[in-house]
Amino acid sequence: MSAGLPATAASLPGLAVLLDPARLGELFADVLGAPPVTGALRYKPGVSAVVRVRCPRTGAVHWAATTASGALLEKFAGRGRRALDDDGAVLVREAPGAAGHRVALGRAGADPELAVHLARLDPRLARGLGRGEPGTLLRYNPRRRAVLRREGPGGALVTKVTARPSPVDPRLLARLAAAGIPVLAPADPPRPLAGPGSAHVLHYPWYGDGDLGARTGGDPGAPGTAGAAGAALARLHLLGPGAAGTAPRGAPVDPRPRLRALAADLSALDPTLAAAFAAAAEDVLAVLDAHGTGAQRLLHGDFSADQVLVRGPLGAAAPLRLTDLDRVRTGEAADDLGCFAAVRALEALEGPVPDATAGGPAPAARADPPADPLADPLVAALLEGWAAEAAPHGARPPGPELLRAWTAHHVLARAAEPFRATHPGWRAATAGRIALAAALVAAPARAPAATGAADGGARAPGPGGVPAGVRATGSAPATAVRRGAATASAPAGAGGPAAGAAAARGEAGSWPGTVGGPGPGPGSGSSPAGAAEALPHPVPAVVEVPEGGRARVRRAWPADGGRLVLELEDPLGRIRAGESVPGPAGRLVRLSPFARDPRLPGLPAAARTGELVVHRLGRRAVVAAPERYVKLLARGRAPRAAELSERVRVLGAAAGLAVPRVLRAGEHALELAVLPGRSLHALGAEGPRGAVDAAWAAWAAAWPRLARALPAPGLLPEHTAEDEARTLARWAAHLDAFPGLLEAPPGAVSALAVRLGQRLTGLPAPRRDRAVLHRDLHDQQLLFDGERIGALDLDTAAVGEPALDLANLAVHLDLRHAQGLLGPERRAAGRAAVAAVADELAVAPARLAVHADATRLRLACVYAFRPRWRPLAQQLLDAALADGPLDPVRPGDR
């Protein structure tokens, strides 16, 4: 592989020896005897590299490493030697041609991270591990994990030894098995085999005759088994995130930061490949963004044919087990299904994946591109099995376009695997994978004619990308158009490659215009020939950035004259502001320069001191600096906000509640001190259960004291039930003003808002409770530092019904649960605290109920203008119209 060294190889001179089998074999000829087979490379530029080494003559498995620091290499070697009590277990020698740099070679049992755990499990096993014993070492990833086969009195066992504590929770696997999911649950072997017990060691029974991936070949029974695996996977998905209970599980994968991180990693190997990767990633993200976020399921997290163990002849009735649930997490069903399809697509592109331990020949991209992965017999059977199992519960498979996008995402996630496998032709293989991903999102979408909502996608389809400063002329039908090819609504060359990519994805065609203002362009004032009808709704998921790339729309706010104010995240991860305005031929999206706003003159200077985290054009921006937060508001609002914040801070301090101190206030901005602690939102998602319970207990103790601390008349504004009814009616009118965002019978949303408004105002004002209100209370506004609760954004504080705050908080907890961010037990803990405060304040259940109904409808309207959460907004609206609870765990939810 010496001819294929990465771009940063000079930062680690020993790497050239490590990746050249001939030089490595010569350096350790007394041990290896011949050029070895290498794989499972872990490379940190300028720091270290470690690779698996197999001797082809004896089958013995070793690890080899090199580091920039000689002390670090000695540390690696010392760990392995001490664990085995054998100085010869690891050899360290000068790297030929790299003066001052050395290379270490050690036995698998002397792995720097695994040796101590292997030795505790069985010292004799550790000393002999990797010495060519057939069947003993199944898989080995240096410094990460070893998978062994061991014979016991009750049959064969598979033992996994991991450098980090095993992420698998046996309680979760037991719960899944009890729910009828065929998972491979851990075994409890006799003590001599089990060892002393360790979080780094997990045992499983040996099951079946191999995995589906290895056994497929030309076996006619393979599709039947794939269909049964699809049904099993659907049962796992339909359980919902709540099935995990208190067992740890991963959060949903956010494709954007993940692909950005992978692009950065790839840039250390080959900047040209990294640029191609980034371009393909943007195309993938555009499709995923356009579809929005679908129903949150409990996922396998790394699903492929080799994760399906099969016993006996292949076929629909073959007994099977789903295995390797190390990465179980929440997410969309399309994520798991796309992962399976991606592995199949890569096998079609390059041939079977080489054995993980033995290594194998370099993958060679085939001359002809692979067929549509969704047409692969195993993938098609998997989807059919999934659909048959899910259909009785009201769920359908994700549509082809979304499945291809997730497949492309997982292909890109594996783009650097040829380099990690140390294949000499890794550059060509990686380029082939990137091209495959790009082709997948440019493929024609052959959507089935089925009705109803597909799992993982919005019921009202998300909009396509709309370039900044151009008019969206229509939504093109999904057709087979290659990137940059001509279409009726966007000729080749009009709008550049991005326009062609949008057309290839079946998105709206576009025409050039003037960035930042409505400029003339082809078709201005009339629709171009062949243009499709107008976009069904005006909130795009992504827009083109003038300086290149795409920005993701985070949220939007309706404004006067049919405008929408947009908050976006640009390709550099920065918050940007913009607006969408109606025009004669569609809508025009204008994007403001970063941290620029004519009505917030202090924003550029403030943004240089910290991170811009909020920007609502012309209204508000927030900059997070190391020791302060800067709020920038429209002219004249900052002094009033500072005054209210200080008044509530005094009330909060008396109640034992922390409220940020105003450090400075001016005409356009106020600066607030930073409070210690984590938000209850973050604690609920990933904090220890004890900390979550303590936080809610602290809030329940402090909040009633603040609520009762009514100031003298006039010190805080009044917020009445009539005010709340007007707010609800205004949001319902916003939703009605932009048809197509959500599905509802004509007039139903406004009619419901009127009915709820009547219920809100039906209680005479003298009989309504009065308390200090936050007016936007939810889990992200509350902080806990281990002792005391803090509250943020109290510049909207008022006096009104306490039921408003409590209902808003309770419904937000339901919302977090529906988003897959809060488990059922943690939601219950928060709701119990809300109920306790309601009892303490003697809030009438009827008032709490009507405010909760109003909050649910208001949030449905608000989240309809957030592309990522539009499917969830539809759930909220459906629940509001049906007068039912929001229950995302129920099978069949969108």
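Which backbone oxygen lies 2.7 Å from a polar atom of the side chain of T407? The legend to View 1 gives the answer; the structure shown in every view is a predicted model.

**View 1. Residue T407 in helix α15**. The backbone oxygen in question belongs to L403, and 2.7 Å separates it from a polar atom of the T407 side chain. T407 sits in helix α15, which covers residues 400-413. Its relative accessible area is 0%. Because buried means under 20% relative accessible area, T407 counts as buried. When neighbours within four places in sequence are set aside, the residues in contact with T407 are G338, A341, A342, P373 and L440.

**View 2. A salt bridge inside helix α13, between R344 and E347**. The two side chains meet with an N to O distance of 3.4 Å. Both residues belong to helix α13 (residues 333-350) and are three residues apart, which is about one turn of the helix. R344 is buried, at a relative accessible area of 15%. E347 is partly exposed, at 22%. This pair can be set beside the total for the structure, which holds 53 salt bridges.

**View 3. A salt bridge between two strands, formed by E569 and R552**. The closest N and O atoms of this pair are 2.8 Å apart. E569 lies in strand β19 (residues 564-569) and R552 in strand β18 (residues 550-558), so the salt bridge ties together parts that are 17 residues apart in sequence. Are E569 and R552 buried or exposed? Both of them are buried.

**View 4. A salt bridge between distant parts of the chain, D793 and R620**. Here the closest N and O atoms are 4.0 Å apart. D793 is found in the loop between β30 and β31 (798-800), while R620 is found in strand β23 (residues 620-625). The two residues are 173 residues apart. D793 is partly exposed, with 25% relative accessibility. R620 is also partly exposed, with 27% relative accessibility.

**View 5. A network of salt bridges**. D560, R563, E579 and R590 are joined into one network by salt bridges that share partners.

**View 6. An open sheet of three strands**. Strands of a sheet pair through backbone hydrogen bonds, in either a parallel or an antiparallel way. In this sheet the pairing is antiparallel and the order of the strands is β27-β29-β30. β27 (678-679) and β30 (789-791) are the edge strands, each pairing on one side only. Three bridges connect β29 (residues 782-784) with β30. At one position, L782 is opposite A791 of β30. Helix α22 (residues 689-708) lies across β29 and β30, and the helix runs at about 120 degrees to β29.

**View 7. Strand β5 and its partners β3 and β4**. How many of the six residues of strand β5 are buried? Five are, and the strand (residues 102-107) is described as mostly covered. Strand β3 (residues 61-67) runs antiparallel to β5 and is joined to it by five bridges. One position to look for is H62, whose bridge partner in β5 is R107. Strand β4 (residues 90-94) is likewise antiparallel to β5, with five bridges between them. In this pairing, L91 stands opposite L105 of β5.

Terms used
Residues are numbered from 1 along each chain as its sequence is written. This is a predicted model: local features need pLDDT of at least 70, side-chain atom pairs count only at pLDDT 80 or more; totals for chains, interfaces and linings use all residues. Side-chain values use heavy atoms; hydrogens and water are left out. Two strands pair if DSSP finds at least two bridges between them. Helices (H or I, at least four residues) and strands (E, at least two) are DSSP runs, numbered from the N terminus. Contact means heavy atoms within 4.5 Å. Axes are lines fitted to C-alpha atoms, for helices over the stretch in contact, and angles run from 0 to 180 degrees between N-to-C directions. Buried means under 20% relative accessible area, exposed over 50%, partly exposed in between (1.4 Å probe, protein chains only). A polar contact is a pair of N or O atoms within 3.5 Å; within protein, one must be able to donate a hydrogen and the other to accept it, and residues adjacent in sequence count only if both atoms are side-chain atoms.
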